[in-house]
Amino acid sequence: MKAIAMGLLLFGFSFSQAQEKVWTLQECVNYALENNITVRQTELDTQLAEEDLVSAKGNFLPNLSGAASHSYSFGSYIGQDGSRISRDSRGNSFSLNTGIVLFNGFQNTNIYKQAQLGIESSELQLAILKDNISLNVVNAYLNILLNRENLKIAEEQIGVSQQQVDQMQVLVDEGSKPRADLLDAKSQLASDQEALINTQNSVDLAILSLAQLLQLPPNGFDVVTEDVDASGIMMEYTDPTAIYNYAVENRPEIKNAQLNIDNSEYNIKIAKGAYYPTLTLGANMNTSYQHLQGQEDLRAVLDLENNQITYVENGFGTQISDNLGYNVGFNLNVPIFNRFQTNVNVHKAQINKQKIELALEQEKQDLRSNIEQAYADARAAFKQFEASQVSLSAQEEAYKNAQESYNLGVMTSYDFEQVRNRYVNAQASIVNAKYNFIFKTKVLDFYLGKPIID
């Protein structure tokens, strides 16, 4: 019992340690790629494709099968020597059979090449999935950082509001300010406290979203709060066409769509292979043993010189050896008419190739649209960030002046709160613009094959 209790204690401690781990962005991405169920399923698809290749290789090899039987006969039957026997007996037969396809319209060759494409396709599908998961994790991580910066702004505003309430309380007690101004300050503090709670909820929901994306329990899950410097933000990309030209040659989605066309061409060749004759080589080895119930295994031998019949041992081993036979042969199967089934299969394979070619064109169009949209989004986000910088600078100066005026009693609390709210909104706006631009830039990096994690 003590050992069990100690084990549970250690397990609980290790689980607690795991739960209290603070995750970096790189760790989140790595964990998602290693443990995501969909990724693991896709990796199994790759293994299935490898097994298909092994099966395709096996089509070039001869098969080999063995057979054995044990039977009983009652009454009249034909014996091994062709004579009719009216006696109960038992017997055994053994055979080995092998065969190999020498030619079947190159179908085996095309099936093998198609299996090779299957491995490439499954690997590309895995790469597509990993890219998408990485991008989703980065987006979820940045969303946490965004909400935490907003939370920091909300906490700062709570401090400012609390300070104003304290100052106003002193002024009201001194009689220099009416009680209504104190109520206004407390009302603003309550409003800021509500905003803080809402922002904290946004942080919690963002953390929950990332934990669910990583398929981890949310309790105790947390990420490293990284400071994102906005001073070096700039729009690096100037031409979406250059991004598209790179992506259309390198993105796994396009490569996979092109592989689908190659695969459809092999389907056509395989279907056309049914027009050709099939040539196979087969070989067989067989033997048998027969025993008359109630008699010894003897064989009659005619002695022509002495004109008499003698009996010699004819047991299991002797019969197996004497009855051993071999045969080798070729089989040619020439298709003549199969109710147009081959024609239909060829035509369907050709139509399917046309559909897949259109799918490739659609994939290219979607890629171009996505890149152009991502570029437009990044450009708009950058302009929004620049405008937010100008606005924040102006609102900050206005807030400082308003605070001085308010402290001197020149400005009412209502007017001061209007200025302060504009300043808070400017702070939130630049934070949103900053992270929006960072993610939009990551999307463009994604299409250019650049690492989305610095």
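Start by selecting arginine 368 and tyrosine 244: the arginine lies over the face of the tyrosine, 3.9 Å from the ring centre. Keep in mind throughout that this is a predicted model.

A second charge over a ring comes next. Select lysine 21 together with tryptophan 23; here the lysine lies over the ring face, at 5.3 Å from its centre. Leave Trp23 on display and add Tyr31 and Phe221, because ring centres within 6.5 Å count as a pair. Ring pairs link Trp23, Tyr31 and Phe221 into a cluster.

Now turn to aromatic pairs in general. How many does a search of the whole structure find? The search finds 12 aromatic pairs. For one of them, select phenylalanine 94 and phenylalanine 316, which form an edge-to-face pair with 6.2 Å between centres and 85° between planes. Phenylalanine 94 belongs to strand S5 (residues 89–103) and phenylalanine 316 to helix H8 (residues 316–322), so this pair ties together parts 222 residues apart in sequence. Show the surface around these two rings: phenylalanine 94 is partly exposed, at 31% relative accessibility, and phenylalanine 316 is also partly exposed, at 42%.

Move on to phenylalanine 446 and tyrosine 447. Their ring centres are 5.3 Å apart and their planes meet at 70°, so this pair is edge-to-face. Are these two residues buried or exposed? Phenylalanine 446 is buried, with a relative accessible area of 8%. Tyrosine 447 is buried as well, at 11%. The cut-off behind both calls is a relative accessible area under 20%.

Next, select phenylalanine 337, in the loop that runs between strand S10 (325–333) and helix H9 (341–407). Its relative accessibility is 58%, so phenylalanine 337 counts as exposed, the threshold for that being over 50%. Extend the selection to Leu332, Val334, Ile336, Phe340 and Val344: with Phe337, these residues make a nonpolar surface patch of about 690 Å².

From the loop, follow the chain into helix H9 (341–407). Select the C-alpha atoms at the two ends of H9, which are 93 Å apart. The 67 residues of H9 should span 99 Å at 1.5 Å a residue, so the two values agree. While viewing the helix, recall that an α-helix has 3.6 residues a turn, so residues three or four places apart point the same way.

The last stop is glycine 409, just after H9. Check its backbone torsions: glycine 409 takes a positive phi of about 85°.

Note on methods. Residues are numbered from 1 along each chain as its sequence is written. This is a predicted model: local features need pLDDT of at least 70, side-chain atom pairs count only at pLDDT 80 or more; totals for chains, interfaces and linings use all residues. Side-chain values use heavy atoms; hydrogens and water are left out. Patches are made of residues with over 30% relative accessible area and no salt bridge: like charges are joined within 9 Å, nonpolar side chains (Val, Leu, Ile, Met, Phe, Trp, Tyr) within 5 Å. Accessible areas come from the Shrake-Rupley method with a 1.4 Å probe; for residues, only the protein chains shown count as cover. A salt bridge is a side-chain nitrogen of Lys or Arg within 4 Å of a carboxyl oxygen of Asp or Glu. Helices (H or I, at least four residues) and strands (E, at least two) are DSSP runs, numbered from the N terminus. Buried means under 20% relative accessible area, exposed over 50%, partly exposed in between (1.4 Å probe, protein chains only). Rings of Phe, Tyr and Trp (its six-membered ring) pair if their centres lie within 6.5 Å; planes under 30 degrees apart count as stacked, over 60 as edge-to-face and the rest as tilted. A charge sits over a ring if NZ of Lys or CZ of Arg is within 6 Å of the ring centre and within 35 degrees of the ring normal. The expected span of a helix is 1.5 Å times one less than its number of residues.
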